[in-house]
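This report looks at a ligand shell, a nonpolar core and a few backbone details. Please keep the sequence and the model in view while reading.

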Amino acid sequence: MKPSRDKRRDKRQQPERPLIRPREDRHDAPRHALENADPKTVRILRRREGTLPGEKLPLILEVAPNADYALLDSGNGQKLEQYGPYRIIRPEGQAIWQPALPAKEWNAADAVFTGDTDEEGMGRWRFPQAPLGETWPMRHDGLDYLGRFTSFRHVGVFPEQASHWEHMAGLIRDARRPVKVLNLFGYTGLASLVAARAGAEVTHVDASKKAIGWARENQEIARLGDKPIRWICEDAMKFAEREERRGNTYDIVLFDPPAYGRGPKGEVWQLFDDLPMLTDICRSILTPRPLAVVLTAYSIRASFFAIHALMRDTFAGMGGTIESGELIIREKSAGRALSTSLFSRWVAS
Ligand SMILES: C[S@@+](CC[C@H](N)C(=O)[O-])C[C@H]1O[C@@H](n2cnc3c(N)ncnc32)[C@H](O)[C@@H]1O
């Protein structure tokens with residue numbers, strides 16, 4: 001049942017407080033303005049009906065130290081990581097314990113990020129050994145790409161996502177049929193490249209022109225230039241809404257939204273306001289034989305139970321299982337776990 005797409009719906013049947021939004025004009029519109037919006041331009045969010053999917057939780061997906069990436073040590077509010085050839089120190093608020101490695105190991109770092117301790121805050125890089133260029137060669141499981149020192153402390157990859165990539169690549173290969181993947185909030189494209197290498201046709205969406213440029217660069221560096229990947233610079237919600245209107249569908253949808261973000265035309269993304277609608281749209285743009293929908297969330301004040309409940313309700317009537325928990329990185333020095341994000345995924349079988 002797809003009640004939310006039924007434009008002929010009797011207004012009186014709507015829930016008392018529908019969550020509504022104008023499709024094309026979300027520029028900071030206050031909620032009361034949305035509530036007076038033209039009903040022809042709004043998509044109504046309703047609770048889905050049907051048997052709830054099975055559930056598996058808590059599921060802790062772990063990335064262990066490997067040749068491409070390792071969390072070498074952590075403590076004193078910092079983490080020491082190996083990204084390809086470089087040893088990097090960045091702030092890590094959760095590391096409230098003491099480092100396990102001696103100071104000389106930390107002092108051997110090639111790059112240190114200093115600045116705002118806020119996750120999205122600006123800062124700058126210091127290179128204690130020798131000046132380094134802006135980019136450097138990185139690799140994930142045989143896929144080459146570029147690391148980059150950005151002013152927001154990030155380096156172009158979220159290594160904890162590798163657990164999702166592996167799972168997704170398995171689904172694509174096991175399907176033994178053409179598979180279409182939509183990667184919303186795709187950033188520098190690692191998930192898109194992993195999906196393309198596994199044989200999928202990929203649509204990658206991100207609001208940042210820079211991130212899209214970097215992702216395209218990564219496609220070439222990974223020698224996957226001949227693989228079918230569409231790189232789209234657009235607001236994720238707008239794109240998903242349009243795909244729904246056009247009836248375009250996908251077998252796998254990945255979405256890894258920030259707590260707050262902006263589309264290229266200033267469209268505002270607020271996770272707590274917008275996630276329910278986007279999740280519902282992700283369900284409605286699935287093919288008749290979908291494989292999975294994978295949601296990750298980070299830097300938010302919520303438990304994985306919250307996104308689990310949202311996903312389970314949204315996928316009512318679809319069968320399958322909702323698996324939810326945390327993505328963690330296992331530290332090499334003392335085996336401590338660093339939690340990076342919450343996730344919830346619907347898996348068809
Ligand atoms: C944390 S990153 C996603 C990481 C990615 N999943 C990965 O594993 O590499 C969040 C991304 O969302 C993008 N973004 C923020 N607001 C957006 C919006 N409204 N529409 C589309 N993308 C947006 C940012 O440009 C950024 O690249």
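A residue counts as buried if 20 or more other C-beta atoms lie within 10 Å of its own, as exposed if there are 12 or fewer, and as partly exposed in between. In this predicted model, Ser299 has 13 other C-beta atoms within 10 Å and is therefore partly exposed, while Arg223, with 11 other C-beta atoms within 10 Å, is exposed. Neither Arg223 nor Ser299 is a glycine, yet each has a positive phi, as the table shows.

| Residue | Phi | Loop |
|---|---|---|
| Arg223 | about 55 degrees | between helix 5 (209-221) and strand 11 (229-233) |
| Ser299 | about 50 degrees | between strand 15 (292-297) and helix 8 (304-314) |

Another backbone detail is found in strand 1 (residues 54-63), where Pro58 has its place; the peptide bond from Leu57 to Pro58 is cis, with omega near -5 degrees.

The largest nonpolar core has 80 residues, and Ala195 and Ile252 are those with the most contacts inside it. Helix 4 gives the most to this core, with 6 residues. Because domain 2 (54-62 + 157-347) and domain 3 (67-137) both give residues to this core, it lies between them. Apart from neighbours within four places in sequence, Ile252 is in contact with Met168, Leu171, Val179, Val181, Leu291 and Ala292.

Around the ligand there are 22 residues, of which Phe185, Ala207, Ser208, Asp256 and Gly261 come nearest. Helix 4 (190-197), strand 10 (201-206) and strand 13 (260-262) are the elements that give two or more residues to this shell, whose residues divide into 11 nonpolar, 6 polar and 5 charged.

Terms used. Residues numbered from 1 in each chain as written. Predicted model: local features only at pLDDT ≥ 70, side-chain atom pairs only at ≥ 80, totals over all residues. Near = placed C-beta within 6 Å. Helix = DSSP H or I, 4+ residues; strand = E, 2+ residues; numbered from the N terminus. Nonpolar A, V, L, I, M, F, W, Y, C, P; charged D, E, K, R; others polar. Core = buried A, V, L, I, M, F, W, Y, C linked by C-beta atoms within 7 Å. Domains from an automatic or database assignment. Contact = placed C-beta atoms within 7 Å.
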